[in-house]
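Please open the structure in a viewer and keep the selection tool at hand. The tour below proceeds stop by stop, stating at each one what to select and what is found there.

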Amino acid sequence: MSKSALLVMDVQENIVGRIAEPDFVPRVAQAVAAARGAGVPVIHVVVGFRAGHPEVNPVNKGFGALPPGAFTPDDAGAAIHAGVAPLDGETVVVKKRVSAFAGSDLQMLLGAGGIEHLVLAGIATSGVVLSTVRQAADLDYRLTVLADGCADTDAETHRVLTEKVFPRQAEVTTIDAWAKSLD
């Protein structure tokens, strides 16, 4: 069996605040607990920029519209949500774009750890999850998407992605089913 890692992506204070599901973070916390209990590495992926956002081109529709100071080291809202906070020794990867791989050292860390299978959870299904699925598939990772461990501001977009798009490149399952498979 290939070595797996759980990627918890963009579950940051300011981003969680956009999701109307009060049970979202507790569900992701269940996935994190299951991974930790089974010895599966948990990798936290966050979006982050230097002060002044020198990494952001103003023509970038998403990141170019960020207010000054957003997702910088001084932004409390950029912190990983306390409900899924990393334990000492867990890896935190800082990315500069939508995909977990873009502008980060994720691929190097995965290679060094012998990781071949990525289990994905995060916000937004149409953002970091979609972009990471596509890039990880092109990089030949085996993929699992935890459908109820992903959230989007648009429920229909989430449904289409998890039911129609992701199954072309990933196994799509629930947190409970994945956790049971770890036993």
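Begin by selecting A177, which sits in helix α6. The model is a predicted one, and every stop on this tour should be read accordingly. Is A177 buried, partly exposed or exposed? Its relative accessibility is 35%, and A177 therefore counts as partly exposed, since that class lies between the limits of 20% and 50%. Next, add L146 to the selection and display the C-alpha atoms of both residues. L146 and A177 are 31 residues apart along the chain, and their C-alpha atoms are separated by 9.2 Å.

Helix α6, residues 175–181, also leads to the next stop, for it is among the elements that give two or more residues to the largest nonpolar core. This core has 32 residues. Select L6, V8, F24, F71, V84 and W178, the members that touch the most other members. Then colour the contributing elements: besides α6, those giving two or more residues are β1 (3–9), α1 (13–16), α2, β2 (42–47), β4 (115–123) and β5 (142–151). Which element supplies the largest share of this core? It is α2, with 7 residues.

Remain with F24 and display its surroundings. Leaving aside residues up to four places away in sequence, F24 touches V11, I19, G122, I123, D148, G149, C150 and A151. A second core, separate from the one just visited, can then be selected: it has 26 residues, including M9, I43, F101 and V145.

Now move to R27, located in helix α2, which spans residues 24–38. Is R27 buried or exposed? R27 is buried, because its relative accessible area is 18%, and the cut-off for burial is under 20%. Show the side chains of R27 and E21: a polar contact of 2.7 Å joins them. Beyond four places in sequence, R27 touches E21, D148 and I175. D148 is thus worth keeping on display, as it is also among the residues touched by F24.

The last stop is the largest pocket, whose volume is about 380 Å³. Select D10, I15, R18, F63 and I123, which lie nearest the centre of this pocket among its 19 lining residues. I123 has already appeared on the tour as one of the residues that F24 touches. Which helix gives the most to the lining of the largest pocket? Helix α4, residues 125–138, does so with 3 residues. Finally, colour the lining by residue class: 10 of its residues are nonpolar, 4 are polar and 5 are charged.

Definitions and conventions
Residues are numbered from 1 along each chain as its sequence is written. This is a predicted model: local features need pLDDT of at least 70, side-chain atom pairs count only at pLDDT 80 or more; totals for chains, interfaces and linings use all residues. Side-chain values use heavy atoms; hydrogens and water are left out. Helices (H or I, at least four residues) and strands (E, at least two) are DSSP runs, numbered from the N terminus. Buried means under 20% relative accessible area, exposed over 50%, partly exposed in between (1.4 Å probe, protein chains only). A polar contact is a pair of N or O atoms within 3.5 Å; within protein, one must be able to donate a hydrogen and the other to accept it, and residues adjacent in sequence count only if both atoms are side-chain atoms. Contact means heavy atoms within 4.5 Å. A nonpolar core is a set of buried Ala, Val, Leu, Ile, Met, Phe, Trp, Tyr and Cys residues joined through side-chain atoms within 4.5 Å. On a 1 Å grid over the protein atoms alone, a cavity is a set of points where a 1.4 Å probe fits but cannot get out, and a pocket is an open set with protein on both sides within 12 Å along at least five of seven lines; lining residues have an atom within 4 Å of a point. Grid points are joined across faces, edges and corners, and a volume is the space filled by probe spheres set on the points. Ala, Val, Leu, Ile, Met, Phe, Trp, Tyr, Cys and Pro count as nonpolar, Asp, Glu, Lys and Arg as charged, and the others, Gly among them, as polar.
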